[in-house]
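Here are some exercises to work through with the structure open beside you. Try each task before you read its solution.

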Amino acid sequence: MAEELKPSTFYTVYGEPQLDQSQQDALLYLYQPIIGSTASSLYLTLVSDITLEGKSPSLMHTDLLAAIDIGLMNLVKARERLEGIGLLESYQQTDHEIGLSLIYQLRSPLVPSKFFQDPLMSYLLLDKIGQGRYERLVERFKPKTFAKDTIKNITKRFRDVYRLDEQAFSSQSETLEDTQETFTTKTDFDWSLFAQQVKRFNLVLSVEEREKLQTFQTLYGLNELDLAEYVAKAAAGEKNGLNFKYLRQLINKEKRPNVSVKKETASKETAESTATFSAQELEIITQSKKIAPVTFLRAIKREKGGFETNTEVRLLEDLIGRNLLPKSVINIIINYILVIKDQAVINANYLHAIANDWAQKKITTPEGAIAHVRENSQQLVKTQTNRPTYQKRGTVRKETLPEHIKQPPKETRLAPEKEAELNRKLAQYLSKEGDD
């Protein structure tokens, strides 16, 4: 794209018109050491182009070059650094009148608390600024807490303070549900039905609780009625909302969580031709779209004669909560680690490294995930003696990850005949699960 881009090329920016203080701090203290001051300046300049409506007018790159005072090639490099770190998505379109134009979709920086929960991002920062400064930044941004064992929580609950007219509330249900649908990502789960079930238990869920429940629903594949029942039990006797630890325990007591048999919404991207996949791969692709990640994990562990650990379930819960990859692709990652790489357990750093890599490559379908694994028959994480280098999307990836991220150390691939046999058994088992 660099050779096609000219100072006269038009562009439009979409995104939030301003950053809050925590996002500004994250960009300055955490992202800038990784991406460089030029990329940071480019990001802030693009933010300043956005109006209150969430988009900029049609502008020319000449203005952008003048604002940050760099050449065209340096602008492209800075843009690629933003793209590679997940702060920017770039799109191009061609018009018969104005020719090539670009659309820039800005993504908000991770707030510090989320940034430090990402092992790869934390390592990139540590590698750039050194241990001492890294520890000072951790200390600066770590949550400030106080001892609660000797004090009493006197916080009032919603129903202790506000009176809710149930009849009036119900009369506006259609309007409220339409509004809710406008701001909610489309899923197979009927959240309206779930909300109706929750009303039976006189529960009012906060936005944060609802977001966590979306993660639980995706992870375990629960239907609307069952999730409402679990939520009611987890809220019983609680003064401060849902007890998510107890909710997790309740769900995990089930030997086999309910499996949603509804198909995922078809991706806008054209899926790879099914002719390129074996019968076993096609079955795994089909079931990866139907089956919840925990059930998928348990199926593989069962066929290998093992069992899932609580740590593995929590890792999947965390990954789903990040909303980076659809559940079908997460299932293929599980298959990649446990079947293709023949690992006994899912390692946290290894899972995060793969998920980061696939998310940045925009892998959004199980077909695309399997095709990617085929194209990269070399190990995902290579052992090299040179210092890590990070080349951004649009160029050939040659990054090296640190020792604590490129675990597990054993990277031997399962023998092809054993892999095919395990895939055959797994496909049969998953097919039975999906038919339940």
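A residue counts as buried when its relative accessible area is under 20%, as exposed when the value is over 50%, and as partly exposed in between. Keep in mind that this is a predicted model.

**Exercise 1. Classify glutamate 89 as buried or exposed, and find its surroundings.**

Step 1. Locate the residue: glutamate 89 sits in strand E3.

Step 2. Apply the cut-off. The relative accessibility of glutamate 89 is 15%, so this residue counts as buried.

Step 3. List the contacts, setting aside neighbours within four places in sequence. Glutamate 89 then touches Ile103, Tyr104, Gln105, Arg107 and Lys362.

**Exercise 2. Work out which parts of the chain are linked by the salt bridge between arginine 107 and glutamate 89.**

Step 1. Start from the general idea: side chains of opposite charge can pair when their charged atoms come close.

Step 2. Check the distance. Between the side chains of arginine 107 and glutamate 89, the N to O distance is 3.4 Å, and the two form a salt bridge.

Step 3. Place both partners. Arginine 107 belongs to the loop between strand E4 (99-106) and helix H5 (112-115), while glutamate 89 is in strand E3 (residues 88-95); the pair is 18 residues apart and links distant parts of the chain.

Step 4. Compare exposure. Arginine 107 has a relative accessible area of 36% and is therefore partly exposed, whereas glutamate 89 is buried at 15%.

Step 5. Widen the view: a network of salt bridges joins Glu89, Arg107 and Lys362. In total, the structure holds ten salt bridges.

**Exercise 3. Describe the salt bridges of glutamate 367 and aspartate 357.**

Step 1. The partner of glutamate 367 is lysine 289, with the closest N and O atoms 2.9 Å apart. Because glutamate 367 is in helix H20 (residues 366-375) and lysine 289 in helix H15 (residues 279-290), this pair ties together parts that are 78 residues apart in sequence.

Step 2. Glutamate 367 is buried, at 8% relative accessible area, and lysine 289 is partly exposed, at 26%.

Step 3. Aspartate 357 pairs with lysine 361, and here the closest N and O atoms are 2.9 Å apart. Aspartate 357 is buried at 6% relative accessibility, while lysine 361 is partly exposed at 29%.

**Exercise 4. Trace helix H6 from its start to just after its end, and say what its buried residues pack against.**

Step 1. At the start of H6, a side-chain oxygen of aspartate 118 comes to within 3.0 Å of the backbone nitrogen of leucine 120.

Step 2. Along H6 (residues 119-129), the buried residues are Leu120, Met121, Ser122, Tyr123, Leu124, Leu125 and Ile129.

Step 3. These buried residues pack against several helices: H1 (21-35), H4 (72-85), H5, H7 (131-141) and H19 (348-360).

Step 4. Just after H6 comes glycine 130, with a positive phi of about 90°.

**Exercise 5. Find which residues have the most contacts inside the largest nonpolar core.**

Step 1. This core has 54 residues, and those with the most contacts inside it are Ile334, Ile337 and Trp358. Helix H18 (residues 327-340) gives the most to the core, with ten residues.

Step 2. Look at isoleucine 337. Beyond its neighbours within four places in sequence, isoleucine 337 contacts Asp342, Gln343, Val345, Ile346, Tyr350, Leu351 and Ile354.

Step 3. Another core lies apart from the largest one; it has 40 residues, including Ala26, Leu64, Leu82 and Tyr104.

How values were computed. Residues numbered from 1 in each chain as written. Predicted model: local features only at pLDDT ≥ 70, side-chain atom pairs only at ≥ 80, totals over all residues. Heavy atoms only, no water. Salt bridge = Lys/Arg side-chain N within 4 Å of Asp/Glu carboxyl O. Helix = DSSP H or I, 4+ residues; strand = E, 2+ residues; numbered from the N terminus. Buried < 20%, exposed > 50% of the residue type's maximum accessible area, 1.4 Å probe, protein only. Contact = heavy atoms within 4.5 Å. Polar contact = N/O pair within 3.5 Å; in protein donor to acceptor, adjacent residues only side chain to side chain. Core = buried A, V, L, I, M, F, W, Y, C linked by side-chain atoms within 4.5 Å.
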